[in-house]
Amino acid sequence: MDIRKTLIRPVAMPASSSSAVVTPIMPAVVYASDSPDALDAQYEGRSPGYTYAREGHPNADILARRIDALEEMEGGIVTGSGMAAVAVVLMGLLRAGDHVLGADQLYGRSLRMMKEDLPRMGIATSLADPTDAAAMEAALRPETKLVLIELVSNPTLRIADLDGIAALCKARGILLAVDNTFTTPAAIAPVTRGADIVIHSVTKLLAGHADVTLGWVAARDPEVAQRLRVFAVTTGMTASPFDCWLAERGLMTFPLRFDRAQQTAQRLSEFLSGRAGVARVLYPGRADHPDAARAQSVLRGNPGTMLSFELEGGRAAANAFTEAAKGIAFAPTLGDVGTTLSHPASSSHRALTAEGRAALGISEGFFRVSLGLEDPDALLACFADGLDAARQARG
Ligand SMILES: *Cc1c(COP(=O)(O)O)cnc(C)c1O
């Protein structure tokens with residue numbers, strides 16, 4: 001065979017009167033059309049079809065439709081990461097002279113975008129406490145165009161006053177964007193409680209296996225959604241087919257994973273509270289949580305899969321705990337099938353001064369736990385080992 005005479009064209013799928021029960025992967029970057037007229041029809045939306053993968057491809061659309069359904073929204077887009085989804089909202093919708101108000105304990109990179117990148121583009125930003133709608137109201141300006149919040153703060157797990165903030169935004173015509181990564185649609189679909197835009201790091205609980213980095217964003221208003229889509233395509237924030245396929249596979253078990261991890265979180269909160277060497281336990285399902293009533297209303301009885309606790313004995317106790325609790329990955333992520341432990345003072349909050357951390361209630365003994373799917377008894381045994389070692393380190 002003369003390779004120079006071989007035309008490299010796709011071969012049709014073999015005929016089959018049955019169909020695949022899972023989504024195929026379609027990695028094509030370009031799509032061939034029948035004629036210039038047919039291409040016109042596609043670009044003008046008169047006939048369906050794909051042209052170029054950055055503009056859209058089947059695996060991204062299939063994943064987006066599944067997350068849309070969970071979030072009770074339409075027309076969401078999948079982005080290359082959760083941060084790409086945040087960037088599409090902040091940079092795709094705002095212009096120089098606008099002001100954006102953020103919650104003061106947003107995800108670290110979102111905070112950085114608010115503090116470093118938006119001001120460079122002439123967009124003013126400020127932060128306020130989302131558990132206090134009056135504090136948020138006081139921070140609004142005539143030129144405020146958007147408010148960005150997360151419903152459960154990281155790592156202290158405080159609950160935002162969603163209803164209060166949504167009412168403020170609605171009265172002033174300000175867009176309310178909610179990053180629902182921590183809370184997930186298993187607890188709440190923010191669009192049903194006044195959010196205009198909903199954001200996910202699909203990387204976390206939705207994909208759930210710590211093997212794919214993706215985001216998703218949707219807007220209630222189709223005109224806003226269109227601006228998000230165009231900005232994502234222009235800036236190349238869209239996602240690869242393989243990643244979308246992998247995330248879709250993970251998403252199939254999301255409700256089961258959520259329920260199981262949440263049950264284990266509840267058990268761990270009971271196990272840790274009142275135990276010698278544990279100064280406090282923060283879990284939105286506990287009656288002693290500072291926002292217990294709001295957790296019930298906003299999270300609809302789903303306190304979630306995250307828990308934080310504080311060891312007595314500072315850094316020495318923290319080191320001894322992670323070294324002894326060998327079965328638990330000491331890694332600053334969340335939403336994985338395996339339980340992960342993060343130590344904010346040495347990771348997400350290391351840039352703050354000790355005083356800044358103290359103001360948030362984050363000491364050297366403070367840990368955040370993202371519960372996974374391990375056998376709960378085996379997991380509690382790991383925690384018991386960690387606590388024993390921490391107690392010895394304290395002397
Ligand atoms: C992880 C995370 C992000 C960023 O998502 P990536 O997929 O890592 O880019 C944004 N918001 C929250 C709340 C997160 O936990």
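**A seven-stranded sheet and its ligand site**

Glu72 sits in the loop that runs between H2 and S1. In this predicted model, Glu72 is worth a pause at the outset, as its phi is positive, at about 55 degrees, although the residue is not a glycine. For context, a negative phi is found for most residues other than glycine, and most peptide bonds are trans. A second backbone feature concerns the peptide bond itself: Asn154 and Pro155 are joined by a cis peptide bond, with omega of about 0 degrees. Pro155 is placed in the loop between S4 and H6.

The two loops lead naturally to the sheet. Seven strands form an open sheet with mixed pairing, and their order is S1-S7-S6-S5-S4-S2-S3. At its edges lie strand S1 (77-79) and strand S3 (124-128), each of which pairs on one side only. Ignoring direction, neighbouring strands of the sheet are turned against each other by 20 degrees on average. As a reminder, the strands of a sheet pair through backbone hydrogen bonds, and the pairing may be parallel or antiparallel. The antiparallel arrangement is seen for strand S6 (residues 197-201) and strand S7 (residues 215-219), which are joined by five bridges. Within this pair, Gly215 in S7 has Ser201 standing opposite.

Helices pack on the sheet as well. Helix H2 (residues 58-71) touches S1, S6 and S7, and its direction makes about 60 degrees with that of S7. Helix H6 (residues 162-172) also packs on the sheet, where it touches strand S4 (144-150) and strand S5 (175-179); the angle between the directions of H6 and S5 is about 150 degrees.

Attention can now turn to the ligand. The ligand is surrounded by 13 residues, of which Gly82, Asp179, Ser201, Thr203 and Lys204 are the closest. Ser201 thus appears in this group as well as opposite Gly215 in the sheet, and Asp179 belongs both to the closest residues and to strand S5 (175-179). By character, the shell divides into four nonpolar, six polar and three charged residues.

Polar atoms of the protein approach the ligand at several points. From Gly82, a backbone N or O atom lies 2.8 Å from a ligand oxygen atom. Asp179 places a polar side-chain atom 2.6 Å from a nitrogen atom of the ligand, while an N or O atom in the side chain of Thr203 is 2.6 Å from an oxygen atom of the ligand. Of the 380 Å² of accessible area that the ligand has on its own, the protein covers 92%.

Conventions. Residues are numbered from 1 along each chain as its sequence is written. This is a predicted model: local features need pLDDT of at least 70, side-chain atom pairs count only at pLDDT 80 or more; totals for chains, interfaces and linings use all residues. Side-chain values use heavy atoms; hydrogens and water are left out. A residue is near a molecule or strand if one of its heavy atoms lies within 4 Å of it. A polar contact is a pair of N or O atoms within 3.5 Å; within protein, one must be able to donate a hydrogen and the other to accept it, and residues adjacent in sequence count only if both atoms are side-chain atoms. Accessible areas come from the Shrake-Rupley method with a 1.4 Å probe; for residues, only the protein chains shown count as cover. Ala, Val, Leu, Ile, Met, Phe, Trp, Tyr, Cys and Pro count as nonpolar, Asp, Glu, Lys and Arg as charged, and the others, Gly among them, as polar. Two strands pair if DSSP finds at least two bridges between them. Helices (H or I, at least four residues) and strands (E, at least two) are DSSP runs, numbered from the N terminus. Axes are lines fitted to C-alpha atoms, for helices over the stretch in contact, and angles run from 0 to 180 degrees between N-to-C directions. Contact means heavy atoms within 4.5 Å.
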